[in-house]
Structures are given as C-alpha cells and as structure tokens.
Amino acid sequence: DKERFAQVQIGQVEDWDFQTKDGTTITGRVHLPPDFDPNNKYPAIVHYYGGTHPSGRSFGGRYPVNFWAANGYVVYVLQPSGAIGFGQEFSARHVNDWGKTTATEVMEGLDQFLVAHPFVDGERVGCIGASYGGFLTMYLVTQTNQFATAISHAGISNLTGYWGQGAWGHLYSAVASANSYPWNAQELYIEQSPIFHADAVETPLLLL
C-alpha cells in the first residue's frame, strides 16, 4: 500500500458539527483540498448517507470524497437524523418521515456551513447521495434552489413504486414506512415522493 499511495496527496480532514433549530447536534466532517488556501474561494460538494447507514471514513470507493477534494472541492459530509449509531431515538426519526427532517437538516446545515467557512463559494455548491440519499437529493431539489447542481444515485422518486417493488423495497419500507401503506397514508406516499413535485425542480439534476 505504501507504494500504491506514494503519489496520493490527502488534504486535511476536520470535524464540523452544527445544531439544528430544535437543538439536535448533527455531526459531520470537512475534507479540504491538499493545496488548501483559506484566501481562495472553492466550490463544494455536500454528501449524505444512503439508507440509514452513516457515511464512513473510507478512502476511495463509490463516493471518493478524497478524490473530490483532490480535484479542488471542499467536501462536507454530514450525518442527518435517521442514521444508525447515534441512539435509538435519533435513528427512529427516519420512520414515516421520508425527507421532512433530513432535508431541513441539510438545508440548515448548509446555511451554517457557509457562514463558518467563508472560503466556500455559496454559488457553487452541489449535493450527492445514493439510495435514500438519492431520494433525498431529488426531494431537496423540489424544496430549494440553493444547490448549483445535484446528483442522485439509485434514488427513490416514487414511494409507492418503491414500496411494491422487489424484496428490498418491501423490507426497507416495512421499517421506513412502518404501518403506512399507499391506501392509508396518501399524504406520505404522494407529498413526500419527489416525482409528484417534479415541476418545482429548477436545479440541474443528474440521475444515475
């Protein structure tokens, strides 16, 4: 490994947490470019979990935050409500919520992040997530125009279609939409499905 990574430059990684309006602490971290200069203005990428698993500190992989940072981006990784590993109450906020809490936290976090990091160009901030994070990306761009661009990987646009599609959709929905079905929770399945708000999307959106 020493030889493989001999030419790899890794920038500084810092913890950065914030408090939501309701007093919840949302943990996160910031990856800086290797040649970081606080006097410069950098574009940024906001990255959040897929499913309810926290975003790990792994090197490389599908979402190589180190690689993004090495290409000149400041990368902000946050762990919104619903993520496991922060206690039962925190993870249970995920149930029958489908974006309401997590999207609010991402937007609140970005506002505070930009104030705390003046070297980030607020006009050049993108977001990316996969699975539930892909859903969250699509939901976010129906709620805000704050992002310059967005990437949704393996996202869920229609909760009804996901609920009835395959073993994974059934098993995941049994928890994430506990006791809520298309016939008894129309508001959840329609209002929280990004596809029903596609007309509100103005942000350039890449679907993977």
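The sheet in this predicted model is open and has seven strands, in the order E1-E4-E6-E5-E7-E8-E9, with mixed pairing. At its edges stand strand E1, residues 13-15, and strand E9, residues 205-207. Each of these two has a single partner strand, so one side of each is left without a neighbour in the sheet. From one strand to the next, the twist averages 20°.

As a general reminder, strands of a sheet pair through backbone hydrogen bonds, either parallel or antiparallel. Which sense applies to E5 and E6? Strand E5, residues 42-47, and strand E6, residues 74-78, pair in the parallel sense, over four bridges. As a point of reference on the screen, His47 has Val77 in E6 as its bridge partner.

I turn now to helix H3, residues 100-116. At 1.5 Å a residue, its 17 residues should span 24 Å. The C-alpha atoms at the ends of H3 are 25 Å apart, which agrees with that expectation. The buried residues of this helix are Thr102, Ala103, Glu105, Val106, Met107, Glu108, Gly109, Leu110 and Phe113.

Finally, please look at Asp97, in the loop between helix H2, residues 88-92, and H3. Which side chain of opposite charge is nearest to Asp97? It is that of Lys100, 6.4 Å away. A salt bridge would require the charged atoms to lie within 4 Å, and Asp97, although buried, has none. The side chain of Asp97 does, however, reach the backbone nitrogen of Lys100, at 3.1 Å. With Lys100, then, Asp97 has a contact to the backbone nitrogen but no salt bridge.

Note on methods: Residues are numbered from 1 along each chain as its sequence is written. This is a predicted model: local features need pLDDT of at least 70, side-chain atom pairs count only at pLDDT 80 or more; totals for chains, interfaces and linings use all residues. Side-chain values use heavy atoms; hydrogens and water are left out. The expected span of a helix is 1.5 Å times one less than its number of residues. Buried means under 20% relative accessible area, exposed over 50%, partly exposed in between (1.4 Å probe, protein chains only). Two strands pair if DSSP finds at least two bridges between them. Axes are lines fitted to C-alpha atoms, for helices over the stretch in contact, and angles run from 0 to 180 degrees between N-to-C directions. Lys and Arg count as positive and Asp and Glu as negative; His and the chain ends are not counted. A polar contact is a pair of N or O atoms within 3.5 Å; within protein, one must be able to donate a hydrogen and the other to accept it, and residues adjacent in sequence count only if both atoms are side-chain atoms.
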